[in-house]
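Please open the structure in your viewer and set the display to a cartoon. The tour below proceeds by selection, one stop at a time.

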Amino acid sequence: MSSKTFYLETFGCQMNVHDSEKVVGTLVSEGYRQVETVEEADLVLYNTCSIRDKAEQKVFNRLSDYKKYKKQGKTFGVLGCVAQQEGEKIFERAPYVSLVAGSASYRRLPEMLRQLEAAESAAREIPFDRLRAGSPPAAAPPPAKAGGLPENAGLRDDASVVATAGTSAGKSGSRKPAAESLIRITGLDDRETDECFETEFTARSNPHRGYITIIEGCDKFCSYCVVPYTRGKERSRTSESVLAEARQMADLGYTEIQLLGQNVNSYKDPEGKPAGSNKNSRKTFAELLAAVGEVPGIRRVRFTTSHPRDFGRDIVDAIDAVPTLCDHVHLPVQSGSTRVLDAMQRLYTRDQYLERIAWMKAAKREISITTDVIVGFPGETESDFAATLDLLEEVGYDAVFAFKYSPRPNTPSLKLDDAIPDEEKARRLEVLMAKQREIQIASYKRYIGTHCEVMVEGKNEARAQYSGRTSHNKTLNFTAPAGASPKTGSYASILVTGSFPNSLLGELVV
Ligand code: SAM
Ligand code: SF4
């Protein structure tokens with residue numbers, strides 16, 4: 001059993017969840033073993049989110065917890081968006097953090113891990129007395145041997161190592177990095193990279209349904225959003241590598257794939273013959289979606305997130321043509337007011353957004369539509385807010401993820417006047433969610449008496465109820481007759497017998 005253990009906690013969106021699956025796979029391939037608690041871990045990692053202030057604060061709260069662990073010689077690392085956004089300032093706020101790396105640097109994670117280990121072992125070599133006497137910073141770790149220690153740490157300008165290490169003798173006499181240990185590895189300067197984080201070591205946590213990243217970063221620069229600053233510029237994977245991963249997943253028994261990106265429909269296949277020249281030519285997003293849906297063994301394909309500006313009719317045509325493409329589209333609107341959309345730099349008007357909704361409503365299958373909304377954007381008037389409420393009604397969303405506007409560092413909207421007080425944002429959020437609840441109560445009722453196919457996701461033993469997800473992405477809890485026990489990951493037909501605002505109820509059809 002490996003002696004190096006790690007604990008990883010993930011905050012934020014599906015992109016972060018999937019990044020963590022790749023980080024876990026990478027660590028395991030480097031000889032680490034994942035553990036369930038901070039107590040058991042040598043290395044403690046937080047994959048962070050900075051989309052809203054609350055998410056960011058959670059991470060700093062976690063980091064303040066480590067104070068009780070620091071004497072045990074644990075190593076701490078901050079990954080993801082807070083790491084990229086705050087950079088080396090994290091070392092000031094949390095001096096015992098040893099690794100700070102943004103997502104655009106993850107492909108260098110093995111190298112950073114080896115630098116970390118080398119710096120730590122170099123730190124352990126420094127005689128305690130010398131440190132107490134105020135020795136100069138430890139030298140960088142030694143040059144790499146083949147497959148062994150890293151190149152002289154700190155030589156690359158995109159990954160820096162500072163090992164100003166202190167050590168102390170532990171109770172048993174063993175030397176562990178002490179409170180004053182300052183090993184600092186950073187991976188922060190890769191936001192202009194053209195490369196994606198591709199690894200053959202993805203540790204997917206669900207054996208039936210898995211994510212595939214098709215595009216990283218974002219070039220949209222909505223005025224409120226940190227993503228372009230934290231995840232770097234937009235870069236797409238080749239359709240060939242996406243399809244190879246999809247085939248590999250199908251071979252492993254996965255039946256559902258979710259294609260991921262901050263803005264999947266601005267996907268641009270970087271390789272291949274010019275578009276349309278033959279079967280192997282560059283694929284558009286809709287073509288890639290259809291091709292993933294045609295991989296033998298794949299029964300469901302989802303994708304998120306779509307930006308309305310780049311959402312083409314060809315995506316709806318693909319859903320019409322390929323039955324494995326799920327009939328659900330998440331199309332974040334953010335506001336129902338063109339004036340606010342303009343201030344948000346969303347690059348579409350309310351009418352253009354509604355045009356895309358009309359394409360979906362004209363599809364052969366009923367497409368379930370969900371969205372994100374921000375309330376209380378600077379300058380949002382009562383009438384702008386009323387326009388958003390009216391849009392909810394007009395579209396009839398199947399779910400809405402609504403957020404209070406949170407001013408974020410580096411973003412243009414930080415400079416806008418007319419801040420809305422937090423209580424008013426909270427009021428608008430409440431009004432909006434109450435309205436959406438009414439819409440969902442009515443729309444979910446329509447399913448009663450119909451049959452839906454679900455992928456079975458698990459069983460709640462206490463309630464003797466199974467839970468599944470429909471192609472529309474709705475949760476459907478159901479009972480099964482005595483003797484029937486549908487397996488997790490299998491597909492089952494369910495008669496819908498009841499509805500709630502956020503879920504359906506049903507019985508297994510045998
Ligand atoms: N790329 C996606 C898009 O364009 O809609 C969404 C990415 S973001 C991770 C998810 C959601 O967080 C956004 O749709 C938006 O509603 C919300 N969000 C982003 N920045 C925010 C901010 N500063 N304050 C409140 N909500 C925010
Ligand atoms: Fe953020 Fe806008 Fe990019 Fe979405 S499209 S990630 S909201 S900048």
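What follows is a tour of a predicted model, with a selection to make at each stop.

**Stop 1: the barrel**

Begin by selecting residues 451–460, which form strand 18, and residues 465–470, which form strand 19. These two strands run antiparallel and are joined by six bridges. Within this pairing, select Val454; the bridge partner of Val454 in strand 19 is Thr470.

Next, add strands 20, 21 and 22 to the selection. Together, the five strands make a closed barrel in the order 18-19-20-22-21, with mixed pairing. From one strand to the next, the twist averages 50 degrees.

In which sense do strand 20 and strand 22 pair, parallel or antiparallel? Strand 20 (residues 475–479) and strand 22 (residues 503–508) pair in the parallel sense, over five bridges. To see one point of this pairing, select Thr479, which stands opposite Glu507 in strand 22.

Now turn to the other pairing of strand 22. Strand 21, residues 491–499, pairs with strand 22 in the antiparallel sense, over five bridges. Here Gly498 stands opposite Leu505. A hairpin of three residues joins strand 21 to strand 22.

**Stop 2: side chains on strands 18 and 19**

Return to strand 18 and show the side chains of Glu457 and Arg469, which meet in a salt bridge at 3.4 Å, N to O. This pair links distant parts of the chain, with Glu457 in strand 18 and Arg469 in strand 19, 12 residues apart. How accessible is Glu457? Glu457 has a relative accessible area of 27% and is partly exposed. Arg469, at 23% relative accessibility, also counts as partly exposed.

Then select Glu453, which has its place in strand 18. With a relative accessible area of 41%, Glu453 is partly exposed. Measure from the C-alpha of Glu453 to the C-alpha of Thr470: the two residues are 5.9 Å apart in space and 17 residues apart in sequence. While the strands are on display, a general point may be kept in mind: in a regular strand the side chains alternate between the two faces of the sheet.

**Stop 3: salt bridges elsewhere**

The structure holds 32 salt bridges, and two further examples are visited here.

For one of them, select Glu117 and Lys4, whose side chains meet at 3.0 Å, N to O. Where in the chain do Glu117 and Lys4 lie? Glu117 belongs to helix 5 (residues 109–125) and Lys4 to strand 1 (residues 4–10); the pair links distant parts of the chain, 113 residues apart. Glu117 is partly exposed, with a relative accessible area of 25%, and Lys4 counts as partly exposed at 24%.

For the other, select helix 14, residues 422–445, and within it Glu424 and Arg427. Their side chains meet in a salt bridge of 2.9 Å, N to O. The two residues lie three residues apart, about one turn of the helix. Why does Glu424 count as buried? Its relative accessibility is 19%, and buried means under 20%. Arg427, by contrast, counts as partly exposed at 35%.

Keep Glu424 and Arg427 selected and add Glu380, Glu382 and Arg428. These residues are linked in a network of salt bridges.

**Stop 4: an open sheet**

Select strands 15, 16 and 17. They form an open sheet of three strands in the order 15-16-17, with parallel pairing. The edge strands are strand 15 (328–330) and strand 17 (399–404), each of which pairs on one side only. Direction ignored, neighbouring strands of this sheet are turned by 15 degrees against each other on average.

Strand 15 pairs with strand 16 (residues 368–375) in the parallel sense over three bridges. Select His328 to see one pairing here: the bridge partner of His328 in strand 16 is Ser368.

**Stop 5: a cavity**

The last stop is an enclosed space. The count comes to two cavities of 30 Å³ or more, and the second largest cavity has a volume of about 50 Å³. Which residues line the second largest cavity? Select Asp19, Ser103, Phe197, Glu216, Gly217, Arg231 and Arg235 to show this lining. The lining residues divide into one nonpolar, two polar and four charged.

How values were computed:
Residues are numbered from 1 along each chain as its sequence is written. Chains are lettered from A and ligands numbered from 1 in the order in which they are written. This is a predicted model: local features need pLDDT of at least 70, side-chain atom pairs count only at pLDDT 80 or more; totals for chains, interfaces and linings use all residues. Side-chain values use heavy atoms; hydrogens and water are left out. Two strands pair if DSSP finds at least two bridges between them. Helices (H or I, at least four residues) and strands (E, at least two) are DSSP runs, numbered from the N terminus. Axes are lines fitted to C-alpha atoms, for helices over the stretch in contact, and angles run from 0 to 180 degrees between N-to-C directions. A salt bridge is a side-chain nitrogen of Lys or Arg within 4 Å of a carboxyl oxygen of Asp or Glu. Buried means under 20% relative accessible area, exposed over 50%, partly exposed in between (1.4 Å probe, protein chains only). On a 1 Å grid over the protein atoms alone, a cavity is a set of points where a 1.4 Å probe fits but cannot get out, and a pocket is an open set with protein on both sides within 12 Å along at least five of seven lines; lining residues have an atom within 4 Å of a point. Grid points are joined across faces, edges and corners, and a volume is the space filled by probe spheres set on the points. Ala, Val, Leu, Ile, Met, Phe, Trp, Tyr, Cys and Pro count as nonpolar, Asp, Glu, Lys and Arg as charged, and the others, Gly among them, as polar.
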